[in-house]
Amino acid sequence: MKTYRLRDLASVIRSKNSGPYELTFDVIFKDFDGYNFFKAHQVMTPEVFAGLYSIDVEDILHVIYFDPAKAVKVTIKRPIPSGALGETDVYGAQQHAPLMNFSFDAE
């Protein structure tokens, strides 16, 4: 068993608004080998993502593996709507940090 770091496999890890009530996280892989390895092991699931962000699994709207772009997209409900009182990242662009340190074990 070997430990892999997502940031070593990906060229882009980002978050952004997907409307005022949703956030989308994109992981775009450096190459198809890394993407196919990640996808084959089904590393990113709603349960894994919920645990990583300490949110309920029901708040995960989509986990999509998109082959043509060698990317994984996860969309969640925003905890606070964009621009609402108490919200601190109106563009949703600073929410990807937990993914930067994400690692997983696989053979």
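How many cavities of 30 Å³ or more does a search of the whole structure find? In this predicted model, the search finds one. The volume of this largest cavity is about 60 Å³. Rolling a probe the size of a water molecule over the atoms shows where empty space is left, and that is a helpful starting point for a tour of the structure.

The largest cavity is lined by L6, F25, D26, V27, F38, M44, F49, V72, K73, V74 and L99. Sorted by class, these lining residues comprise nine nonpolar, no polar and two charged. Strands β3 (22-29) and β5 (71-77) each contribute at least two residues to the lining.

One of the lining residues is K73, which sits in strand β5. Is K73 buried, partly exposed or exposed? K73 counts as partly exposed because its relative accessible area is 31%, a value that falls between the 20% limit for buried and the 50% limit for exposed. The side chain of K73 makes a polar contact of 2.9 Å with the side chain of D26, and D26 also belongs to the cavity lining. Apart from neighbours within four places in sequence, K73 is in contact with K16, T24, F25, D26, H62, V63 and I64.

The open spaces of the model can be described in a similar way. The largest pocket has a volume of about 200 Å³. Its lining is made up of 13 residues, and those nearest the centre of the pocket are L23, R78, P79, I80 and Q95. The pocket lining contains seven nonpolar, three polar and three charged residues.

Attention now turns to the strands. Strands β2 and β3 run antiparallel and are joined by seven bridges. Within this pairing, I13 has V27 of β3 as its bridge partner, and V27 is one of the residues lining the largest cavity. The hairpin formed by β2 and β3 has four residues between the strands, and G19 there adopts a positive phi near 95°.

A second antiparallel pairing links strand β1 (residues 2-5) with β6 over four bridges. Here T3 stands opposite D105 of β6. Which side chains of strand β6 (residues 103-106) are buried? The side chains alternate along the strand: F104 and A106 point to one face and are buried, whereas S103 and D105 point to the other face and are not.

Strand β2 (residues 10-17) also holds S15, a residue with several links to the stretch around H96. S15 counts as buried because its relative accessible area is 5%, under the 20% limit. The side chain of S15 comes within 2.6 Å of the backbone oxygen of G92. A polar atom of that side chain also lies 3.4 Å from the backbone nitrogen of H96. When neighbours within four places in sequence are set aside, the contacts of S15 are T24, F25, G92, A93, Q94, Q95 and H96. Among them, Q95 is one of the residues nearest the centre of the largest pocket, while F25 lines the largest cavity.

H96 itself is found in the loop between β5 and α4 (97-100). A polar atom of the H96 side chain lies 3.4 Å from the backbone oxygen of A93. Not counting residues up to four places away in sequence, H96 touches I13, R14, S15, F25 and Y53.

Other loops offer a few further details. Which residues that are not glycine have a positive phi? They include Q42, with a phi of about 45°, and S54, with a phi of about 55°. Q42 belongs to the loop between α2 (32-40) and α3 (46-53), and S54 to the loop between α3 and β4. Q42 is partly exposed, with 43% relative accessibility. S54 counts as exposed because its relative accessible area is 68%, over the 50% limit. From C-alpha to C-alpha, S54 and K73 are 18 Å apart in space, with their positions 19 residues apart in the numbering.

Finally, A69 lies in the loop between β4 (60-66) and β5. A69 is partly exposed, with a relative accessible area of 31%. A69 and P20 are 49 residues apart in sequence, and their C-alpha atoms are 25 Å apart in space.

Key: Residues are numbered from 1 along each chain as its sequence is written. This is a predicted model: local features need pLDDT of at least 70, side-chain atom pairs count only at pLDDT 80 or more; totals for chains, interfaces and linings use all residues. Side-chain values use heavy atoms; hydrogens and water are left out. Buried means under 20% relative accessible area, exposed over 50%, partly exposed in between (1.4 Å probe, protein chains only). A polar contact is a pair of N or O atoms within 3.5 Å; within protein, one must be able to donate a hydrogen and the other to accept it, and residues adjacent in sequence count only if both atoms are side-chain atoms. Contact means heavy atoms within 4.5 Å. Two strands pair if DSSP finds at least two bridges between them. On a 1 Å grid over the protein atoms alone, a cavity is a set of points where a 1.4 Å probe fits but cannot get out, and a pocket is an open set with protein on both sides within 12 Å along at least five of seven lines; lining residues have an atom within 4 Å of a point. Grid points are joined across faces, edges and corners, and a volume is the space filled by probe spheres set on the points. Ala, Val, Leu, Ile, Met, Phe, Trp, Tyr, Cys and Pro count as nonpolar, Asp, Glu, Lys and Arg as charged, and the others, Gly among them, as polar.
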